[in-house]
Amino acid sequence: MAKDRVYNFSAGPSMLPLSVLQKAADEMLSYGDSGMSVMEMSHRSKPYEAIIGEAEALLRELMEIPNNYKVLFLQGGASTQFAMVPMNLLRRSKKADYIITGQFAKKAAAECEKFGTVNRVASSADKTFSYIPKLSRADFDSDADFCHITYNNTIFGTRYTYVPDTGNVPLVADISSIILSEKIDVTKFGLLYAGAQKNMGPAGLTVVIVREDLLGEPLPGTPTMLTYTTHAENGSMYNTPPTYAIYICKLILEWLRDLGGIGEMEKINAKKAAILYDFLDRSKLFKTPVAKEDRSMMNVTFVTGDADKDAAFVQAAAAAGFVNLKGHRSVGGMRASIYNAMPIEGVEKLVAFMEEFERNNG
Ligand SMILES: *Cc1c(COP(=O)(O)O)cnc(C)c1O
């Protein structure tokens, strides 16, 4: 850990690997022999074409993305995908199934409703989104144009441990806070999207992975920039892509490859999550409201049950160098986001701090 750096548990934008930041710093004034920063480079220049090309190739290699899927580097955040998905995928029945597992799922469904009929197949709102509904093929509308899930629920700290079987209906997943953290079988999905700022780079970049046969029939009136085909046919270069964010994403993908890939990363993430959940399960002060089988490995939510004590903990933790542990403003409590870049040591030290806080405040 470099001097002056804190353990940053922010849900996003979030911690980035130190070596990536150092490399970006080294290359800040002149990238390679270009004599300029990546920020100052034309997106149509040779060195930049190599950067975006390598970013895509690495993502394809690490996530094992088949050739019949397009990888798009877009802007607008995951929230823009809430609209782009229905605008491009409501092609026949104009109906879509949504599983409501939290704030972002709700927002995605509400956005789809502007363009078609939304069927809320299931919701975990009855228990404040502390679990993932278990569904089977019969629960879904076989006539729907797509089914949408939020794979990892960043605010509530739950994640799917199974891929819902929707039969021939394309499955769409918001993977903003789980991408690159564990293996995902891309072939089970029609479309995957993620804002980069959780686990793959800085804010400003959104990655979409879409099966080719789903492209080409947007709703009439869909703006050019919101049509997937526009970006698919132009190698994400229809207009200026978020060039610097894609460059940082490339550095992160190189870091992940050198670490051994997503399988290796998943093992480390499982270890980090286990350290924190094991403590929460034996603590008399802290507990997690999340159902055991649906616990997120990326966002660990917990409470003391006393709002004043929660606030005191967040404050004391920050003073000790563990920052951004406050839960989402809509739910309160605490949340430790332990994305790929959070070292095991950061989680171990946090648990040691929580043990000490418990001894003094139990
Ligand atoms: C953060 C987040 C979003 C919102 O992302 P933006 O890029 O800010 O639009 C959507 N879905 C999930 C699961 C998220 O974690």
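Q: Which residues line the largest cavity?
A: The largest cavity is lined by Met15, Leu16, Pro17, Lys198, Asn199, Met200, Ile252, Trp255, Asn340 and Ala341. The model is predicted, so local features need pLDDT of at least 70 and side-chain atom pairs count only at pLDDT 80 or more, while totals for chains, interfaces and linings use all residues. Residues are numbered from 1 along each chain as its sequence is written, and side-chain values use heavy atoms, with hydrogens and water left out.

Q: Why is this space called a cavity, and what makes a residue part of its lining?
A: On a 1 Å grid over the protein atoms alone, a cavity is a set of points where a 1.4 Å probe fits but cannot get out, and lining residues have an atom within 4 Å of a point. The search of the whole structure finds two cavities of 30 Å³ or more. About 40 Å³ of space lies in the largest cavity; this volume is the space filled by probe spheres set on the points, which are joined across faces, edges and corners.

Q: What makes the lining of the largest cavity divide as it does into nonpolar, polar and charged residues?
A: Ala, Val, Leu, Ile, Met, Phe, Trp, Tyr, Cys and Pro count as nonpolar, Asp, Glu, Lys and Arg as charged, and the others, Gly among them, as polar. On that basis the lining has seven nonpolar, two polar and one charged residue.

Q: Which residues line the second largest cavity?
A: Gly102, Gln103, Phe104, Ala105, Thr150, Asn153, Thr154, Ile155 and Phe156 do so. By class they are four nonpolar, five polar and no charged, and the volume of this cavity is about 40 Å³. Helix 4 gives the most to this lining, with three residues; helices (H or I, at least four residues) and strands (E, at least two) are DSSP runs, numbered from the N terminus.

Q: Where does the ligand sit?
A: The ligand sits in the largest pocket. A molecule sits in a pocket if more than half of its atoms lie within 2 Å of the pocket's grid points, so the ligand satisfies that condition here. A pocket is an open set of points with protein on both sides within 12 Å along at least five of seven lines.

Q: Which residues of the lining of the largest pocket lie nearest its centre?
A: Of the 26 lining residues, Gly12, Phe104, Thr154, Lys198 and His328 lie nearest the centre. Helix 3 (77-89) and helix 4 (103-112) are the elements that give two or more residues to this lining, and helix 3 gives the most, with four. The pocket holds about 480 Å³ of space, and its lining divides into five nonpolar, 15 polar and six charged residues.

Q: Which residues around the ligand come nearest?
A: The ligand has 13 residues around it, and Ser79, Thr154, Asp174, Gln197 and Lys198 come nearest; a residue is near if one of its heavy atoms lies within 4 Å. This shell has three nonpolar, eight polar and two charged residues, with helix 3 giving the most, four residues.

Q: Why is the pair between threonine 154 and the ligand called a polar contact?
A: A polar contact with the ligand is a pair of N or O atoms within 3.5 Å. A polar side-chain atom of threonine 154 lies 2.4 Å from an oxygen atom of the ligand, so the pair meets the cut-off. Likewise, an N or O atom in the side chain of aspartate 174 is 2.6 Å from a nitrogen atom of the ligand, and a polar backbone atom of alanine 78 is 3.0 Å from a ligand oxygen atom. The protein covers 86% of the 390 Å² of accessible area (Shrake-Rupley method, 1.4 Å probe) that the ligand has on its own.

Q: What makes the bond between glycine 12 and proline 13 notable?
A: Glycine 12 and proline 13 are joined by a cis peptide bond, with omega about -10 degrees. Most peptide bonds are trans. Proline 13 is placed in the loop between strand 1 (7-8) and helix 1.

Notes:
A polar contact is a pair of N or O atoms within 3.5 Å; within protein, one must be able to donate a hydrogen and the other to accept it, and residues adjacent in sequence count only if both atoms are side-chain atoms.
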